[in-house]
Amino acid sequence: MPVKTRITEMFGIQHPIIQGGMHYVGFAEMAAAVSNAGGLGIITGLTQGTPEKLANEIARCKDMTDKPFGVNLTFLPTVNAPDYPGLVRTIIEGGVKIVETAGNNPAQVLPFFKDAGIKVIHKCTSVRHSLKAQSIGCDAVSVDGFECGGHPGEDDIPNMILLPRAADELEIPFVASGGMADGRSLVAALAMGADGMNMGTRFIATKEAPVHENVKAAIVAASELDTRLVMRPLRNTERVMTNDAVEELLKIEKEKGADLKFEDIIEQVAGVYPRIMTEGDMDAGAWSCGMVAGLINDIPTCQELIDNIMAEADAIITQRLAGFQAA
């Protein structure tokens, strides 16, 4: 059963399920598999790094799907900034119609996307950031609860509170992100006012995810207790899968206390993604993973995953919830 929401209408997709932009995961193979299954696949722009490589990846994705897909563009406060103007131009010239922005305020690039008829969904970890995104002209937001893998912000508000608060305040549509894995997640997100859900970690544990089998096995083996929060003292909190390097990182944070500098933990966090995602070196360093790993017990195809989510959501709505109605 297709579920029609403001998000499916806005993006022209069959199911209100978005694959989050993930470093060294969001390649054309991943995005095309999700889009072909009726969701919205996302290519991760900064994994490509240069406009030329991103143009090539967009072209590859178009060869693999005729369905809508998007590109994630994360704006980082960094010394060696990527060629953002070039990446924006590449997205527009590539005919991409949906962009997921994340990180810093995307206000400077919005006019270019708007002129090209591109819809922008911005990733937010708080109601105030969501309202800001709405006020600068974003078409939708992805509201990230404290459970999420990657950067949950510094407020620590879980989705049971954050999503209804977002629904109270926002006029533009939003999707729930963080802790999303199955039909139960989708129905809960819809019940709390969202128009769909964004899944990151769940999509890594799929047949088509272009990552090493060790990564998929680690997610399946993990429980909800196996993530850690790193870089809290630097106010750049990230939720990651625990491993030897992460436990070492936490030890350094504890020892250094208030004197901690990014340089002290650079070995555990900088440039480790290719070694983990491509080579399967699971102790190389910190990699983003959500608490939702505790709900992931298999490695289906994207089609099987999305079909199962929609069937489960349908059963919950039409059977379980309908069964509670008083005669």
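1. In which sense do β7 and strand β8 pair, and over how many bridges? In this predicted model, the two strands run in the parallel sense, and the pairing of β7 with β8 (residues 197-199) extends over two bridges. Within that pairing, Ala176 has Met197 of β8 as its bridge partner. Between the two strands the chain passes through helix α9 (residues 183-191), and the resulting β-α-β crossover from β7 to β8 is right-handed.

2. On its other pairing, β7 is joined to strand β6 (residues 140-144), again in the parallel sense, and here four bridges are found. Val143 is bridged to Ala176 of β7, and Ala176 is also the residue bridged to Met197 in β8. The connection from β6 to β7 goes by way of helix α8 (residues 159-169), and this β-α-β crossover is right-handed.

3. The side chains of β7 (residues 174-177) deserve a look in the viewer, with Phe174 and Ala176 pointing one way from the strand while Val175 and Ser177 point the other way. Are these four residues buried or exposed? All of them are buried.

4. Thr227 belongs to strand β9 (residues 227-230), and this residue counts as buried because its relative accessibility is 9%, where the limit for burial is under 20%. The side chain of Thr227 makes a polar contact with the side chain of Arg239, at 3.1 Å. Leaving aside residues up to four places away in sequence, Thr227 touches Arg239, Val240, Met241 and Thr242, and also Cys289, Gly290 and Met291.

5. Arg239, the polar partner of Thr227, has a further placement to note, in that Arg239 lies over the face of Phe146, at 4.9 Å from the ring centre.

6. Two aromatic pairs are counted in the model. Tyr24 and Phe27 make up an edge-to-face pair, with 6.2 Å from centre to centre and 75° between the planes; Tyr24 is partly exposed, at a relative accessible area of 22%, whereas Phe27 counts as buried at 18%. Phe75 and Tyr84 form a tilted pair, with 4.8 Å from centre to centre and 35° between the planes. In this tilted pair, Phe75 is buried with a relative accessible area of 5%, and Tyr84 counts as buried at 10% relative accessibility.

7. How many of the nine residues of helix α2 (residues 28-36) are buried? Seven are, and the helix is mostly covered; the buried residues are Ala28, Met30, Ala31, Ala32, Ala33, Val34 and Ser35. The elements against which they pack include strands β1 (17-19), β2 (41-44) and β3 (69-75), together with helices α4 (51-64), α10 (201-204) and α15 (302-321). Just after α2, Gly38 takes a positive phi of about 100°.

8. Asp244 lies in helix α12 (residues 244-256), and Asp244 counts as exposed because its relative accessibility is 56%, with the limit for exposure set at over 50%. A colleague tracing the chain may wish to check the position of Asp244 against Ala284, as these residues are 40 apart in sequence and 8.3 Å apart in space, taken from C-alpha to C-alpha.

Note on methods:
Residues numbered from 1 in each chain as written. Predicted model: local features only at pLDDT ≥ 70, side-chain atom pairs only at ≥ 80, totals over all residues. Heavy atoms only, no water. Buried < 20%, exposed > 50% of the residue type's maximum accessible area, 1.4 Å probe, protein only. Polar contact = N/O pair within 3.5 Å; in protein donor to acceptor, adjacent residues only side chain to side chain. Contact = heavy atoms within 4.5 Å. Pairing = 2+ DSSP bridges. Right-handed = clockwise from strand over helix to strand, strands pointing away. Phe/Tyr/Trp six-rings, centres within 6.5 Å; stacked < 30°, edge-to-face > 60°. Lys NZ or Arg CZ within 6 Å of the ring centre and 35° of its normal.
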